[in-house]
Amino acid sequence: MFIGSAMRLSKNFTLFIGQHVGSTKREKKFDQFVKNSKNAMSEISTQIYKKIGLDKEVYLYAMNCDEGIDLANYLNQENCELIPNLMNSLNTAMNLLQQAEFTDDISLAGKEKITRLIFEAQDLVNKLTNEPTITADLLEFLAKQEHKSTDEMLKAIKNKDTDVNKAKYKKILVLVIISLALFYAVLFLI
């Protein structure tokens, strides 16, 4: 909706001054495109782990270690060739989407390119093959590095994730308490 006023300056010239209130149809379509694209890319990322049979927590733990782990050492040749192309498609699509969000606008050609890249990434995910021993192999490598059994290593990884979540909840709780304290302090000062 547009709220404003107009002043006729001459027979052929009118000056409009006003403001758009609420989202326009174009803005809603843009927001929906961004949301759909992000959801699709997130789903593709999740499918990668499922498709190759890799436990996401084990992978993230391994990548955060300073052990110099190269995932290519654990993948078969087909997956080694597909994954870099897949990640390139996802990264390019995400960069284009971030640029569009920054400018708060996207051309039809930009939408088509992002959509093409997302579908290209999905096609590559569908070509990935399952690697049944990849998680066990990574766990075994990590266990050797930390002088633990694979079961102990898996428990440590799962507990670390739980500890991170507990820390997040503690931070949120502290922020809520501080916010409430500030609210009541301002309320009593008024």
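Okay, so 24% of the 190 residues in this protein count as buried, where buried means under 20% relative accessible area, exposed means over 50%, and partly exposed is in between, with a 1.4 Å probe and protein chains only. Before going on: this is a predicted model, where local features need pLDDT of at least 70 and side-chain atom pairs count only at pLDDT 80 or more, while totals for chains, interfaces and linings use all residues. Residues are numbered from 1 along each chain as its sequence is written, and side-chain values use heavy atoms, with hydrogens and water left out.

On to the overall layout. We have six helices and two strands, and the order from the N terminus is β-β-α-α-α-α-α-α. Those are DSSP runs, numbered from the N terminus: helices are H or I with at least four residues, strands are E with at least two. The accessible surface is about 13,700 Å², and 57% of that belongs to carbon and sulfur atoms; the areas come from the Shrake-Rupley method with a 1.4 Å probe, and for residues only the protein chains shown count as cover. As for contacts, meaning heavy atoms within 4.5 Å, take the ones between residues at least 6 apart in sequence: 68% of them join residues at least 24 apart.

Now the helix pairs. How do helix α1 and helix α4 cross? Helix α1, residues 25-52, and helix α4, residues 108-127, have axes that come within 10 Å and cross at roughly 15 degrees. So α1 is roughly parallel to α4. For the record, axes are lines fitted to C-alpha atoms, for helices over the stretch in contact, and angles run from 0 to 180 degrees between N-to-C directions. Under 35 degrees counts as roughly parallel, over 145 as roughly antiparallel, 65 to 115 as roughly perpendicular, and the rest as oblique. On the α1 side the contact includes Phe33, Met41, Ile44 and Ile48, and on the α4 side it includes Ile114, Ile118, Ala121 and Val125. The crossing of α1 past α4 is left-handed, that is, the near helix is turned anticlockwise from the far one by less than a right angle; clockwise would be right-handed.

Stay on Ile48 for a second. Isoleucine 48 sits in α1 and is buried, at 11% relative accessible area. Leaving out neighbours within four places in sequence, isoleucine 48 contacts Leu86, Met87, Leu90, Val125 and Leu128. Isoleucine 48 and leucine 86 are 38 residues apart along the chain, and their C-alpha atoms are 9.4 Å apart.

Second pair: helix α2, residues 56-64, and α5 have axes that come within 10 Å and cross at roughly 40 degrees. That makes α2 oblique to α5. Here too the crossing is left-handed. Val58, Tyr61 and Ala62 of α2 meet Thr135, Leu138, Leu139, Leu142 and Glu146 of α5.

Which residues does threonine 135 touch, not counting those up to four places away in sequence? They are Gly53, Leu54, Asp55 and Val58. Threonine 135 is in α5, residues 134-146, and is buried at 16% relative accessible area. Its side chain reaches the backbone oxygen of glycine 53 at 3.1 Å.

Next door is isoleucine 134, also placed in α5. Isoleucine 134 is buried at 0% relative accessibility, and beyond four places in sequence it touches Ile52, Gly53, Leu54, Leu71, Tyr74 and Leu75. Isoleucine 134 and aspartate 55 are 79 residues apart in sequence and 8.7 Å apart in space, C-alpha to C-alpha.

One polar residue to look at: asparagine 79, in helix α3, residues 77-103. Buried or exposed? Asparagine 79 is buried, at 0% relative accessible area. Its side chain makes a polar contact with the side chain of glutamate 131 at 2.6 Å. A polar contact is a pair of N or O atoms within 3.5 Å; within protein, one must be able to donate a hydrogen and the other to accept it, and residues adjacent in sequence count only if both atoms are side-chain atoms. Among the residues that asparagine 79 touches beyond four places in sequence are Ile52, Leu128 and Thr129.

Last thing, the backbone. Most residues other than glycine have a negative phi. Aspartate 104, though, has a positive phi near 60 degrees; it is in the loop between α3 and α4 and is exposed at 51% relative accessibility. Histidine 147 also has a positive phi, about 55 degrees. Histidine 147 is in the loop between α5 and α6, and counts as exposed at 74%.
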